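I opened this entry to record what I looked up, one item at a time. The structure comes first and my notes follow.

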Amino acid sequence: MFQVRVTADFAAAHFLRDYHGKCENLHGHNYKVYAHVQGASLDEGGMLLDFGELKSALREVCKKLDHTNLNDIDFFRQNPSAERIAVYIYNGIIELLPSLKKADDAKKTHLSAVDVFETETSRARYLPE
């Protein structure tokens with residue numbers, strides 16, 4: 001099995017409803033995002049996937065979040081948690097690169113995980129079922 005990972009980042013504000021603590025207040029993060037792809041076979045060029053293709057899709061999705069208040073985006077209306085941001089980014093990449101959608105064949109090249117770091121020490125990961 002082969003794996004590749006690309007990274008992007010964005011800055012955004014948010015607040016968490018139904019949370020009792022300082023994160024109820026409007027605040028921001030400099031998010032770091034990792035997109036992971038895995039599969040069992042390489043293409044004719046010896047690559048699992050062109051880094052540039054994956055990086056471009058990830059950056060395009062993150063660009064929609066950059067310098068926004070995440071609570072203003074319908075998808076996050078209730079709570080823009082790191083977990084929900086990871087799902088949003090996963091869905092955005094799949095929309096741009098539908099061939100990476102996880103199939104029944106676990107060996108097929110697919111987007112295997114999206115990590116969202118709010119800080120260097122706090123990460124949420126989304127893994128498709």
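Helices and strands here are DSSP runs, helices of at least four residues and strands of at least two, numbered from the N terminus. With that naming, I placed H67 in the loop between α1 and β3, the strand of residues 68–69. I also noted that this is a predicted model.

Entry: H67 and D18.
I looked up the backbone of H67 and found phi near 55°, a positive value in a residue other than glycine. I then asked whether H67 is buried or exposed. H67 is exposed, because its relative accessible area is 67% and the cut-off for exposed is over 50%.
D18 also has a positive phi, near 60°, and is a residue other than glycine. I found D18 in the loop between β1 and β2. Its relative accessibility is 63%, so I wrote D18 down as exposed.

Entry: N79.
I located N79 in the loop between β3 and α2. At 14% relative accessibility, N79 counts as buried, since buried means under 20%. Which residues does N79 touch, not counting those up to four places away in sequence? I listed F15, L16, R17, D18 and R84.

Entry: C23.
I found C23 in the loop between β1 and β2. Setting aside residues up to four places away in sequence, I noted that C23 touches F15 and L16. I checked C23 against K102: they are 79 residues apart in sequence, and their C-alpha atoms are 33 Å apart in space.

Entry: P128.
I turned to P128, in the segment after β5. From P128 to K102 I counted 26 residues in sequence and 7.1 Å in space, C-alpha to C-alpha. K102 is also one of the residues that P128 touches, and the others are Y90, L111 and S112, not counting residues up to four places away in sequence. P128 has a relative accessible area of 10%, so I marked P128 as buried.

Entry: A40.
I found A40 in the loop between β2 and α1. How far apart are the C-alpha atoms of A40 and M1? I read 4.4 Å, for residues 39 places apart along the chain. Leaving aside neighbours within four places in sequence, I noted contacts of A40 with M1, F2 and K107. With 33% relative accessibility, A40 counts as partly exposed, because this value falls between the cut-offs of 20% and 50%.

Entry: helix α2.
I checked the length of α2, residues 82–96. Its 15 residues, at 1.5 Å a residue, should span 21 Å. The end C-alpha atoms are 21 Å apart, so the expected span and the model agree.
I then listed the buried residues of α2: A82, I85, A86, Y88, I89, Y90, G92, I93 and I94. What do the buried residues of α2 pack against? I found the strands β1 (2–14), β2 (27–39), β4 (110–119) and β5 (122–126), and the helix α1 (51–65).

Entry: α1 against α2.
I followed the contact with α1 further. The axes of α1 and α2 come within 9 Å and cross at roughly 130°. That angle makes α1 oblique to α2, because it is neither over 145 degrees, as for roughly antiparallel, nor within 65 to 115, as for roughly perpendicular. I recorded the crossing of α1 past α2 as right-handed.
Which residues meet there? From α1 I wrote down L54, A57, L58, E60, V61, C62, K64 and L65. From α2 I wrote down I85, Y88, I89, G92, I93 and L96. I sorted the contact by class and got 11 nonpolar residues, one polar and two charged.

Technical notes:
Residues are numbered from 1 along each chain as its sequence is written. This is a predicted model: local features need pLDDT of at least 70, side-chain atom pairs count only at pLDDT 80 or more; totals for chains, interfaces and linings use all residues. Side-chain values use heavy atoms; hydrogens and water are left out. The expected span of a helix is 1.5 Å times one less than its number of residues. Buried means under 20% relative accessible area, exposed over 50%, partly exposed in between (1.4 Å probe, protein chains only). Contact means heavy atoms within 4.5 Å. Axes are lines fitted to C-alpha atoms, for helices over the stretch in contact, and angles run from 0 to 180 degrees between N-to-C directions. Angles under 35 degrees count as roughly parallel, over 145 as roughly antiparallel, 65 to 115 as roughly perpendicular and the rest as oblique. A crossing is left-handed if the near helix is turned anticlockwise from the far one by less than a right angle, and right-handed if clockwise. Ala, Val, Leu, Ile, Met, Phe, Trp, Tyr, Cys and Pro count as nonpolar, Asp, Glu, Lys and Arg as charged, and the others, Gly among them, as polar.
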